[in-house]
Amino acid sequence: MRLSPFSYVVLVLVGRNGAGPHDLRRMAHNGRVYWDAAPSQWYAEPKRLAEHGYLEAHKTPGRTRERTHYELTDRGREALAEWVRTPATLPRIQNEPVVRLAAADLVGPAAVLEGLEAMRPDLEDARAGVAAGQERAAELTHRAHLLEVNHRYAERLLALQEEWLAEAEALLRAGVSGGSSRSSPPRS
């Protein structure tokens with residue numbers, strides 16, 4: 001079985017203490033700045049990894065029914081040890097808002113502005129998720145110092161996204177949709 005980048009994300013999040021799909025989904029929501037996937041994938045991938053021996057599944061009591069709790073196996077740890085040695089590359093980015101801004105000359109600034117304004121609550125939600133992750137990081141004493149670096153990265157990434165959004169909104173409100181004599185918009 002070939003592991004995907006998402007497989008490694010799941011293995012890392014299961015981590016030393018193990019996790020259930022509901023835990024993975026919560027971590028995914030709080031950490032969607034780093035990695036985003038459909039909710040169903042957070043349930044399907046650990047099951048697939050367990051079927052191939054990378055995780056071990058146990059049933060634990062839940063509020064209304066039993067829940068599945070996954071733990072790393074030796075095979076899962078070995079796979080992680082090999083993976084982290086492979087060359088890291090720049091993150092793959094699919095930044096839809098950037099592409100939308102580039103469409104302003106095709107569809108008009110007002111239409112793009114309307115779509116971009118919906119990002120503000122999403123950015124606030126992402127910031128809240130990072131804050132929740134920071135609070136939970138203290139519980140993971142073996143990993144807290146590593147997570148703190150990632151949380152600072154997420155904060156800066158979200159701040160950059162907010163700065164970009166403000167600049168894009170100002171440009172769109174000014175009605176700029178065609179060519180400009182400036183090579184870049186003014187910085188505030």
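The questions and answers below go through the cores, one buried glycine, a surface patch and the salt bridges of this structure.

Colleague: What kind of model is this, and which residues do the totals use?
Modeller: Residues are numbered from 1 along each chain as its sequence is written, and side-chain values use heavy atoms, with hydrogens and water left out. The model is predicted, so that local features need pLDDT of at least 70 and side-chain atom pairs count only at pLDDT 80 or more, while totals for chains, interfaces and linings use all residues.

Colleague: Which helix supplies the largest share of the largest nonpolar core?
Modeller: A nonpolar core is a set of buried Ala, Val, Leu, Ile, Met, Phe, Trp, Tyr and Cys residues joined through side-chain atoms within 4.5 Å, where buried means under 20% relative accessible area, exposed over 50% and partly exposed in between, with a 1.4 Å probe and protein chains only. The largest core has 19 residues, and among those that touch the most other members are Leu 3, Val 10 and Trp 42. At least two residues each come from α1 (5-14), α2 (21-30), α3 (39-51), β2 (67-72) and α4, these being DSSP runs numbered from the N terminus, with helices (H or I) of at least four residues and strands (E) of at least two. The largest share, six residues, comes from α1.

Colleague: How many residues are in the second, separate core?
Modeller: In soluble globular proteins, nonpolar side chains tend to be buried together. Here a second core, separate from the other, includes Leu 101, Leu 116, Met 119 and Ala 154, and its number of residues is 15.

Colleague: Which residues does Gly 76 contact, leaving aside its neighbours within four places in sequence?
Modeller: Gly 76 lies in helix α4, residues 74-83, and is buried, with a relative accessible area of 0%. Contact means heavy atoms within 4.5 Å. With neighbours within four places in sequence set aside, the contacts of Gly 76 are Leu 11, Gly 53 and Tyr 54.

Colleague: What accessible area does the nonpolar patch on the surface have?
Modeller: Patches are made of residues with over 30% relative accessible area and no salt bridge, like charges being joined within 9 Å and nonpolar side chains (Val, Leu, Ile, Met, Phe, Trp, Tyr) within 5 Å; the areas come from the Shrake-Rupley method with a 1.4 Å probe, and for residues only the protein chains shown count as cover. One of the members is Leu 157, which has its place in helix α9, residues 144-173. Together with Tyr 34, Trp 35, Tyr 153 and Leu 160, Leu 157 forms a patch with an accessible area of about 440 Å².

Colleague: Why does the salt bridge between Glu 117 and Arg 173 tie together parts that are apart in sequence, and how many residues apart are they?
Modeller: A salt bridge is a side-chain nitrogen of Lys or Arg within 4 Å of a carboxyl oxygen of Asp or Glu, and the closest N and O atoms of Glu 117 and Arg 173 are 3.4 Å apart. Because Glu 117 lies in the loop between α7 (109-116) and α8 (119-137) and Arg 173 in helix α9, the parts tied together are apart in sequence by 56 residues.

Colleague: Is Glu 169, which forms a salt bridge with Arg 120, buried or exposed?
Modeller: The closest N and O atoms of Glu 169 and Arg 120 are 2.5 Å apart. Glu 169 lies in helix α9 and Arg 120 in helix α8. Arg 120 is partly exposed, at 31%, whereas Glu 169, with a relative accessible area of 4%, is buried.
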